[in-house]
Amino acid sequence: MKVLKTDHPRMLHASVNKRWISNWFEKGMHALFFALGMATVRCVVLITVYLIVSGLPAIRKIGIQEFLLGKVWASTAASPAYGILPFILTSIYGTAGAIVLGVPIGFLSAIYLAKMVPRPVKIVMESAIGLLAGIPSVVYGLVGMIVLVPAIRDAFHLADGASLFAAMIVLAVMILPSIIKVSITALKAVPKEYEEASMALGATPIETYFRVTAPAAKSGIAAAVVLGVGRAIGEAMAVMMVAGNVANMPALFGSVRFLTTAIASEMSYSSGLQQQALFSIGLVLFVFIMIINMILNFFLKAEKASGK
């Protein structure tokens with residue numbers, strides 16, 4: 001009894017010290033995470049401000065209507081023209097085509113990997129998808145230029161297979177890893193009770209996966225599509241190698257130039273108004289991505305509100 005009485009204050013003091021250290025450690029970690037989060041926000045704000053400051057002068061000099069709706073880009077001509085409508089339409093068509101080709105394949109692959117595949121096959125396929133995600137974009141462009149472009153040229157009897165169609169196919173392959181991985185995570189997060197209840201009511205596994213699991217994971221799948229759109233819009237090197245990199249109005253089997261490739265192909269030797277116009281293209285691209293994200297988030301929130 002005496003030992004217990006003498007040890008009790010020491011144990012209490014040690015417990016208080018441990019709790020005090022734990023509280024300060026937790027406060028320190030909270031402060032660190034807050035600082036890192038704010039650093040991320042500051043980076044986004046700095047990028048936004050820099051693009052606005054660098055891009056607006058050229059738009060003022062050229063004129064917003066001529067810049068956005070002009071059909072001719074001739075930045076190095078004696079009488080230069082800075083119309084980026086061909087780049088805008090090409091980026092829209094190319095991204096839309098990549099989404100149309102890539103999303104169904106990625107979504108079906110995600111359902112198969114998340115719910116139906118045997119474990120040995122799953123290990124092999126997930127390793128392949130991880131490898132696909134790690135391949136540099138220039139390798140995609142090189143393979144597309146050597147294999148895909150000649151195949152399109154021969155299949156459709158064209159003078160040159162470097163085209164918008166080739167860019168769509170390359171972009172569709174490049175966005176697959178992002179769509180598949182994020183969709184698998186979203187599908188696995190759906191509670192098992194949903195599927196068990198559906199099957200208990202007589203639904204087959206396939207019906208359950210498409211009518212219960214996929215709708216329940218729609219927000220995660222939508223996030224996967226957003227990542228795919230961001231990857232498709234922001235790609236430059238691979239697209240430059242397979243699309244022909246010519247400032248034409250978009251045609252499926254014609255050589256075209258995207259917003260990203262317009263910046264990448266001329267920034268190294270640009271100066272003056274030409275360089276400012278390239279910064280303006282970057283600003284348009286940034287606004288374009290922001291609008292897509294805002295529209296998708298709006299529809300997701302509206303759907304959640306209606307579901308409630």
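The following questions and answers concern a predicted model.

Q: Why is Ala-277 called buried or exposed?
A: The relative accessible area of Ala-277 is 0%, and buried means under 20%, so Ala-277 counts as buried. This residue is found in helix H12, residues 272–307.

Q: What is Ala-277 in contact with, leaving aside its neighbours within four places in sequence?
A: Ala-277 is in contact with Ala-58, Ile-62, Phe-67, Trp-73 and Tyr-82. The C-alpha atoms of Ala-277 and Ala-58 are separated by 5.3 Å, although the two residues are 219 residues apart along the chain.

Q: What makes Trp-73 and Tyr-82 an aromatic pair, and of which kind?
A: Their ring centres are 5.4 Å apart, and the limit is 6.5 Å. The planes stand at 80 degrees; over 60 counts as edge-to-face, so the pair is edge-to-face. Trp-73 is buried at 9% relative accessibility, and Tyr-82 is buried at 7%.

Q: Why is the pair of Phe-156 and Phe-253 called tilted?
A: The planes of the two rings are at 40 degrees, which is neither under 30 nor over 60, so the pair is tilted. Phe-156 lies in helix H5, whereas Phe-253 lies in the loop between helix H10 and helix H11.

Q: How do you know whether Gly-202 is buried or exposed?
A: Gly-202 has 61% relative accessibility, and exposed means over 50%, so Gly-202 counts as exposed. Gly-202 lies in the loop between helix H7 and helix H8.

How values were computed: Residues are numbered from 1 along each chain as its sequence is written. This is a predicted model: local features need pLDDT of at least 70, side-chain atom pairs count only at pLDDT 80 or more; totals for chains, interfaces and linings use all residues. Side-chain values use heavy atoms; hydrogens and water are left out. Helices (H or I, at least four residues) and strands (E, at least two) are DSSP runs, numbered from the N terminus. Buried means under 20% relative accessible area, exposed over 50%, partly exposed in between (1.4 Å probe, protein chains only). Contact means heavy atoms within 4.5 Å. Rings of Phe, Tyr and Trp (its six-membered ring) pair if their centres lie within 6.5 Å; planes under 30 degrees apart count as stacked, over 60 as edge-to-face and the rest as tilted.
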